[in-house]
Amino acid sequence: MPRTARFRPALSRRARLGATTVAALVAGTAVFGIGQATAEHSVPRTDKEIPNLTQVQDKIKAYYGDTVTADGEHYASPRSNYAHQVRGIEAKARTYLSKALARHDRTGKAKPAIVLDIDDTTLLTYNYELQVGFHFTEESQDKYLAHTDMDPVFGMDRLVNWAHDKGAEVFFLTGRKEAQRAWSVRNLKNVGYGMPLDRRHVYLKDKEHPPAYLPCGSTCTTIEYKSGTRKHIESLGFNIVASFGDQYSDLRGGAADRTFKMPNPMYYLP
């Protein structure tokens, strides 16, 4: 959920919620990378080709194992199907990274690195999403991030710390705006990400002063911004052995040996 690049006005965001979930909830198939519904027609001919939004939200809550505290806060359950799916992805990533990092130790070439998105890849936005009723605004996100720490995505803090201990340089690459840097770094530190979190390791989107290594400047799409930044990281002498993201746009564009798609039925961002 890199918010600057990935968020749109509330109506568009709501439309993405339906598009993302139709594939999984209506047809029972994997979500398409382009985020379109699996209905036969891109423009539904009848209401029967459109999932009921309330029912979709109920399914999302069930998938995350919605847990409500006494003060009305919503949290995902570590025993949920979401958590189970995440653990499976992490297990595959750990197996892969064990071999990839060992190969780097033997070759002594470019230093191995991993690149991770923040929202719904390393930090879980579920509480925020439920608090705002899946109705994103920049103002509500700013207010939330300024005063609240998101929990780590189940097990990702352990995986990332383990990879760092094994010799991987860790970079966070998010579409959150530059003005949210202090809040983002504070959150990552507070929930246990124990690697350097300075400007050389945490990249946020700066539309006012875009870096020279991005030819698209302030008009970058998510794919251009993320892949261009990964290429910049590699130009610094790193080999990105793995890239993690909850959106396909987080991962496309190359400059990574392997990608790991984290689950996220709450929204789709091109």
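**Exercise 1. Identify the residues with the most contacts inside the largest nonpolar core of this predicted model, and state which helix gives the core its largest share.**

Solution. Begin with the extent of the core: the largest nonpolar core holds 53 residues. Within this core, the residues with the most contacts are Tyr64, Leu97, Ile114, Met156, Phe172, Tyr193 and Phe244. Turning to the secondary structure, helix α4, which spans residues 81-107, supplies the largest share of the core, namely 9 residues. A second core, separate from this one, has 12 residues, among them Tyr203, Cys220, Phe238 and Ile240. As background, nonpolar side chains in soluble globular proteins tend to be buried together.

Next, take Ile114 as an example of a core residue. Leaving aside residues up to four places away in sequence, Ile114 touches Leu97, Val160, Ala163, Ala168, Glu169, Val170, Phe171, Val241 and Ala242.

**Exercise 2. Place strand β4 among its neighbours: which strands pair with β4, and in which sense, parallel or antiparallel?**

Solution. First consider burial: strand β4 covers residues 169-177, and 8 of its 9 residues are buried. On the side of strand β3 (residues 111-116), the two strands run parallel and are joined by 4 bridges, with Ala113 having Glu169 of β4 as its bridge partner. With strand β5 (residues 202-205), β4 again pairs in the parallel sense, here over 3 bridges, and the bridge partner of Phe172 in β5 is Val202. Phe172 is also listed among the residues with the most contacts in the largest core.

The connection can then be added: β4, helix α8 (residues 181-190) and β5 make a right-handed β-α-β unit.

**Exercise 3. Describe the aromatic pairs formed by Tyr64 with Tyr126 and by Tyr128 with Tyr144, including their geometry and the helices in which these residues lie.**

Solution. The whole structure contains 11 aromatic pairs. Tyr64 and Tyr126 form a stacked pair, with 4.7 Å from centre to centre and 25° between the planes. This pair links distant parts of the chain, since Tyr64 belongs to helix α3 (residues 53-64) and Tyr126 to helix α5 (residues 126-131), 62 residues apart. Because its relative accessible area is 0%, Tyr64 counts as buried, and Tyr126, at 1%, is buried as well.

The pair of Tyr128 and Tyr144 is edge-to-face, at 5.3 Å centre to centre and with 65° between the planes. Tyr128 lies in helix α5 and Tyr144 in helix α6 (residues 138-147), so this pair ties together parts that are 16 residues apart in sequence. Both Tyr128 and Tyr144 are buried.

Finally, ring pairs link Tyr63, Tyr64, Tyr82, Tyr126 and Phe154 into a cluster.

**Exercise 4. Determine which charged residues sit over the rings of Tyr96 and Tyr248.**

Solution. Over the ring of Tyr96 sits the charged end of Arg258, 5.1 Å from the ring centre. Over the ring of Tyr248 sits the charged end of Lys261, 5.0 Å from the ring centre.

**Exercise 5. Locate Phe134 and Ala255, give their phi values, and decide whether each is buried or exposed.**

Solution. Most residues other than glycine have a negative phi. Phe134, which is not a glycine, nevertheless has a positive phi of about 60°, and it is found in the loop between α5 and α6. Ala255 has a phi near 65°, likewise a positive value in a residue other than glycine, and lies in the loop between α10 (248-251) and β7 (259-261).

For burial, the cut-off is under 20% relative accessible area. Phe134, at 4%, is therefore buried, and Ala255, at 16%, is therefore buried too.

Definitions and conventions
Residues numbered from 1 in each chain as written. Predicted model: local features only at pLDDT ≥ 70, side-chain atom pairs only at ≥ 80, totals over all residues. Heavy atoms only, no water. Buried < 20%, exposed > 50% of the residue type's maximum accessible area, 1.4 Å probe, protein only. Pairing = 2+ DSSP bridges. Right-handed = clockwise from strand over helix to strand, strands pointing away. Core = buried A, V, L, I, M, F, W, Y, C linked by side-chain atoms within 4.5 Å. Contact = heavy atoms within 4.5 Å. Phe/Tyr/Trp six-rings, centres within 6.5 Å; stacked < 30°, edge-to-face > 60°. Lys NZ or Arg CZ within 6 Å of the ring centre and 35° of its normal.
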